[in-house]
Amino acid sequence: MAGPTGRGDSLGAALNHLLRSQVTPRHRLSTYNAKHWHAQLSQLTATHRGQQALADAGLHVTTKTLVNWLADSEYNVRRSYLDIIHTAYENVAIVPADPLPDRITDGQYEISGVVQTGGDVRERGTVRAAPLRIDGRQGNWDAIEDLWLAGELTDDEFEDHFIDDVIVEDIGEGTDGWDFPSDSYSVEVR
């Protein structure tokens, strides 16, 4: 039975496509695009989540002060309060990434595409050669997960860490390291 599959023009792109099809990446809500403190404060105070973010960020002012700020966008607000409003706004605007699920970190990977180790270059996942099979349980996923949660897991970073922290941990360094020099890969996880 086929499992979730990612495709891309590099191994890292295929891995990222696979991961994004399974869990939500860190992202910014499109409705949170206000630049001015007054617009940010207005948007935050309109929802319970926004009000909680203001409290969590350390905004402790009286209701009267808050009403005065909301009534006048030119109100002279201290810099420290502006920073708190901005922090609260960003905390609400950014949706954190889901952590890597077990089906990703414990999965059995089948990589199709050109795989090279030393002088051995093969098109894997064809009638003539089986896909490269990797046991994700043997890997060290910490660096990948840290980059994922921070929203910084680029295709290149994913490929580099997957090779070093998952492939090498499972089957070793290869003849002369691992390389994926093609422009078309698919990665299936079972």
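User: Where is Ser 186 found?

Analyst: This is a predicted model, so read every value as computed. Ser 186 sits in strand E7.

User: Is Ser 186 buried or exposed?

Analyst: Look at relative accessible area; under 20% means buried. Ser 186 comes out at 19%, so it counts as buried.

User: Which residues does Ser 186 touch, leaving out those up to four places away in sequence?

Analyst: There are contacts with Thr 5, Gly 6 and Arg 7. Ser 186 also touches Glu 110, Ile 111 and Ser 112.

User: Ser 112 is on that list. Where is the place of Ser 112?

Analyst: Ser 112 belongs to strand E4. Its relative accessibility is 17%, so Ser 112 counts as buried. Skip residues up to four places away in sequence, and Ser 112 touches Arg 124, Gly 125, Pro 131, Ser 184, Tyr 185 and Ser 186.

User: How far apart are Ser 186 and Asp 56 in sequence and in space?

Analyst: Use the C-alpha atoms for space. Ser 186 and Asp 56 are 130 residues apart in sequence and 43 Å apart in space. Now try Asp 156 and Gly 12. They are 144 residues apart along the chain, yet their C-alpha atoms are separated by 5.7 Å.

User: Where does Asp 156 lie, and is Asp 156 buried or exposed?

Analyst: Asp 156 is part of helix H8. Its relative accessibility is 58%, so Asp 156 counts as exposed.

User: Now the cores. Which residues touch the most other members of the largest nonpolar core?

Analyst: This core has 30 residues. Tyr 109, Ile 111, Trp 141, Phe 162 and Phe 180 touch the most other members. Several elements each supply at least two of the core's residues: helices H1 (11–22), H7 (142–149) and H8 (155–171), and strands E4 (108–117), E6 (132–135) and E7 (185–189).

User: What else lies apart from that core?

Analyst: Another core, of 18 residues, lies apart from it. Tyr 32, Leu 41, Tyr 81 and Val 92 are among its members.

User: Take Phe 180. Which residues does Phe 180 touch beyond four places away in sequence?

Analyst: Phe 180 touches Leu 11, Ile 111, Val 114, Val 115, Leu 132, Glu 159, Ile 163, Ile 167 and Tyr 185.

User: Leu 11 is in that set. Which residues of H1 are buried?

Analyst: Leu 11, Gly 12, Ala 13, Ala 14, Leu 15, Asn 16, Leu 18 and Leu 19 are buried in H1. The buried residues of H1 pack against strand E1 (5–8), helix H6 (102–105), E4, H7, H8 and E7.

User: What should the twelve residues of H1 span?

Analyst: Work at 1.5 Å a residue; the expected span is 16 Å. The end C-alpha atoms of H1 are 17 Å apart, which agrees.

User: At what angle do H7 and H8 pack?

Analyst: Two packed helices are described by the angle and the distance between their axes. For H7 and H8 the angle is about 160°, and the axes are 9 Å apart. That makes H7 roughly antiparallel to H8. H7 makes the contact through Ala 143, Ile 144 and Leu 147. H8 brings Glu 157, Phe 158, His 161, Phe 162, Asp 165 and Val 166. By class, the contact has six nonpolar, one polar and two charged residues.

User: How far apart are the axes of helix H2 and H3?

Analyst: The axes of H2 (37–45) and H3 are 6 Å apart, at an angle of about 115°. Leu 41, Leu 44 and Thr 45 of H2 meet Gly 50, Gln 51 and Leu 54 of H3. That contact divides into three nonpolar, three polar and no charged residues.

User: Is Gly 50 buried or exposed?

Analyst: Gly 50 lies in H3, residues 48–57. Its relative accessibility is 0%, so Gly 50 counts as buried. Beyond four places in sequence, Gly 50 is in contact with Leu 44 and Val 92.

User: What is found in the loop between H2 and H3?

Analyst: Thr 47 is found there. With a relative accessible area of 31%, Thr 47 is partly exposed. Thr 47 and His 161 are 40 Å apart in space, C-alpha to C-alpha, and 114 residues apart in sequence.

Conventions: Residues are numbered from 1 along each chain as its sequence is written. This is a predicted model: local features need pLDDT of at least 70, side-chain atom pairs count only at pLDDT 80 or more; totals for chains, interfaces and linings use all residues. Side-chain values use heavy atoms; hydrogens and water are left out. A nonpolar core is a set of buried Ala, Val, Leu, Ile, Met, Phe, Trp, Tyr and Cys residues joined through side-chain atoms within 4.5 Å. Buried means under 20% relative accessible area, exposed over 50%, partly exposed in between (1.4 Å probe, protein chains only). Helices (H or I, at least four residues) and strands (E, at least two) are DSSP runs, numbered from the N terminus. Contact means heavy atoms within 4.5 Å. Axes are lines fitted to C-alpha atoms, for helices over the stretch in contact, and angles run from 0 to 180 degrees between N-to-C directions. Angles under 35 degrees count as roughly parallel, over 145 as roughly antiparallel, 65 to 115 as roughly perpendicular and the rest as oblique. Ala, Val, Leu, Ile, Met, Phe, Trp, Tyr, Cys and Pro count as nonpolar, Asp, Glu, Lys and Arg as charged, and the others, Gly among them, as polar. The expected span of a helix is 1.5 Å times one less than its number of residues.
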